[in-house]
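Visitor: I would like a close look at one part of this protein, the place where two helices pack together, and then at what surrounds it. Could you walk me through it as you would at the bench?

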Amino acid sequence: MAGFKTLDDIGAVSGKRVLVRVDLNVPVADGKVTDATRIERIGPTIAELSKKGAKVILLAHFGRPKDGPSDEFSLEPIARATADVLGRPVGFAADCIGAKAADAVAAMKDGDVLLLENTRFHKAEEKNELAFTEQLAANGDIYVNDAFSAAHRAHASTEGLAHHLPAYAGRTMQAELDALEKGLGDPVRPVVAIVGGAKVSTKIDLLMNLVKKVDALVIGGGMANTFLAARGTDVGKSLCEHDLAGTAKQIMIEAAEAGCAIILPADGVVAKEFKAGAASETVAISDVPADGMILDVGAKTVQSVNDWIDRAATLVWNGPLGAFEIEPFDRATVAAAKHAAARTKEGKLVSVAGGGDTVAALNHAGVADDFTYVSTAGGAFLEWMEGKPLPGVEVLKR
């Protein structure tokens with residue numbers, strides 16, 4: 001973290017009002033939080049600042065409200081859930097600016113924690129408007145960004161505040177940046193990347209960037225079919241973007257020029273319909289029937305992937321190898337994930353994974369806790385993998 005200011009640089013905070021941007025955009029059903037992972041991850045930053053006597057004021061967004069304040073997108077229930085998860089009182093203010101916010105902040109004692117209402121109830125938040133940013137800044141003496149997942153957005157609470165207050169990375173942000181640096185910034189080689197998912201069109205920038213940075217790129221999921229088709233393989237009725245054959249060929253050309261090996265499926269698990277328990281068979285990738293769909297990679301491909309994991313010192317993973325949501329098409333993803341987790345636990349591999357489907361797949365395999373780092377950041381993680389600068393991170397540089 002030599003390039004970023006962290007809580008280690010913050011100095012005395014006792015009595016100071018510390019605005020902490022956090023990610024509380026958590027899944028909610030029937031008024032209850034169904035996955036508290038993001039709440040749990042902000043715990044260390046809050047606890048550290050509170051213990052040192054800071055008045056900890058949390059800023060967050062929730063959902064995509066379009067017409068101002070609404071009960072549907074209020075953070076008030078999240079405040080209660082946050083208090084339950086962190087095991088400490090968390091106050092709530094019904095606005096993030098103005099008198100309601102100012103009065104709630106003024107009533108705080110040293111060490112207290114307060115959550116302000118959804119920043120996106122104000123359209124000026126996403127526009128990063130100066131006047132709105134100044135109103136946010138009026139309630140703080142110091143700014144801490146602990147929401148890497150929102151760092152790809154140049155919003156008032158994620159980027160603008162850093163221009164008005166002394167700015168630092170929180171512990172979750174720090175852990176994320178440390179992990180990403182180990183993954184692609186300055187990794188121990190060889191580096192292997194696994195990229196899966198349905199479509200090449202959503203990950204062109206990602207693939208173009210990775211082939212220049214990694215030693216081997218494993219391509220799985222539906223996007224592998226586009227590469228196979230580009231090489232002349234008949235993929236039957238499999239999901240395939242035939243119109244992107246030229247793009248796939250260009251990626252393979254750039255990979256060859258950069259010395260990056262491209263690993264595509266050698267065999268596939270094929271079915272005639274996409275549903276749980278559908279009759280399936282494993283065939284060589286050159287023998288996919290005309291009416292068949294490739295829904296997972298086969299045992300030979302899994303062995304190849306595991307062999308590459310064995311050679312790697314660093315693994316970066318985004319996207320499943322097959323349609324892991326439906327059995328039996330989860331087997332390859334689970335097998336490779338377990339192998340990577342075992343290598344990590346043995347101390348032989350630095351494994352960094354991220355993206356919504358990836359997190360779900362690793363949880364499904366029961367190994368998310370065994371990876372070196374699993375990012376819950378989604379879009380920010382993808383943009384980092386694409387090599388794009390993240391506004392919320394850039395403003396924290398020394």
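Guide: Gladly. Start with helix 1 and helix 2, whose axes are 10 Å apart and which pack at an angle of about 70 degrees. The two helices are therefore roughly perpendicular to each other, and the crossing of helix 1 over helix 2 is right-handed. Please keep in mind that this is a predicted model.

Who meets whom at this crossing? Helix 1 brings I39, E40, G43 and I46, while helix 2 brings A81, T82, V85 and L86. Sorted by class, that contact has five nonpolar, two polar and one charged residues.

Now follow helix 2 itself, which covers residues 76-86. Its buried residues are I78, A79, A81, T82 and A83. Two of these names, A81 and T82, also appear in the contact with helix 1. The cover over the buried residues of helix 2 includes helix 1 (37-51), together with strand 2 (28-29), strand 3 (32-33), strand 5 (91-93) and strand 6 (113-116). Just after helix 2 comes G87, with a positive phi near 70 degrees.

Strand 5 and strand 6 lead us to the sheet. Six strands form an open sheet in the order 5-6-4-1-7-8, with parallel pairing. Strand 5 and strand 8 are its edge strands, each pairing on one side only. From one strand to the next, the twist averages 25 degrees. Between strand 5 and strand 6 there are three bridges, in the parallel sense, and F92 has L115 of strand 6 as its bridge partner. Helix 1 packs on this sheet too: it touches strand 1, strand 4 (55-59), strand 6 and strand 7, and its direction makes about 150 degrees with that of strand 4.

Let your eye move across the sheet to strand 7, residues 142-145. In a regular strand the side chains alternate between the two faces of the sheet. Here I142 and V144 point one way, Y143 and N145 point the other way, and all of them are buried. On one side, strand 7 pairs in the parallel sense with strand 1 (residues 17-21) over four bridges; one of the pairs to look for is V18 with its bridge partner I142. Strand 7 is also joined by three bridges to strand 8 (residues 167-169), again running parallel, and there Y143 has A167 as its bridge partner.

Y143 deserves a pause. This residue of strand 7 is buried, with a relative accessible area of 0%. Leaving aside residues up to four places away in sequence, Y143 touches L19, R21, S157, T158, E159, L161, A162, L165, P166, A167 and Y168. If you want a distance to check on screen, take H164: its C-alpha lies 8.6 Å from that of Y143, with the two positions 21 residues apart in sequence numbering.

For a second helix pair to set beside the first, go to helix 10 (residues 299-311) and helix 11 (residues 331-345). Their axes come within 10 Å and cross at roughly 20 degrees. That makes helix 10 roughly parallel to helix 11, whereas helix 1 and helix 2 are roughly perpendicular. The crossing of helix 10 and helix 11 is right-handed. On the helix 10 side the contact is made by V302, V305, N306, I309 and D310, and on the helix 11 side by A332, A335, A336, H339, A340 and R343. By class, this contact has seven nonpolar, two polar and two charged residues.

Two more stops in the strands round off the tour. An open sheet of three strands has the order 13-12-14, with antiparallel pairing. Strand 13 (280-284) and strand 14 (293-297) are at its edges with a single partner strand each, so one side of each has no neighbour in the sheet. Neighbouring strands here are turned by 40 degrees against each other on average, direction ignored. Strand 12 (residues 267-271) pairs with strand 14 over four bridges in the antiparallel sense, and V269 has D296 of strand 14 as its bridge partner.

Finally, strand 15 (residues 314-318) and strand 16 run parallel and are joined by four bridges, with L315 opposite S351 in strand 16. Strand 16 (residues 350-354) has four of its five residues buried, so it is largely enclosed by the rest of the structure.

How values were computed: Residues numbered from 1 in each chain as written. Predicted model: local features only at pLDDT ≥ 70, side-chain atom pairs only at ≥ 80, totals over all residues. Heavy atoms only, no water. Pairing = 2+ DSSP bridges. Axes fitted to C-alpha atoms, helices over the stretch in contact; angles between N-to-C directions. Parallel < 35°, antiparallel > 145°, perpendicular 65-115°, else oblique. Left-handed = near helix turned anticlockwise from the far one by under 90°. Contact = heavy atoms within 4.5 Å. Nonpolar A, V, L, I, M, F, W, Y, C, P; charged D, E, K, R; others polar. Buried < 20%, exposed > 50% of the residue type's maximum accessible area, 1.4 Å probe, protein only.
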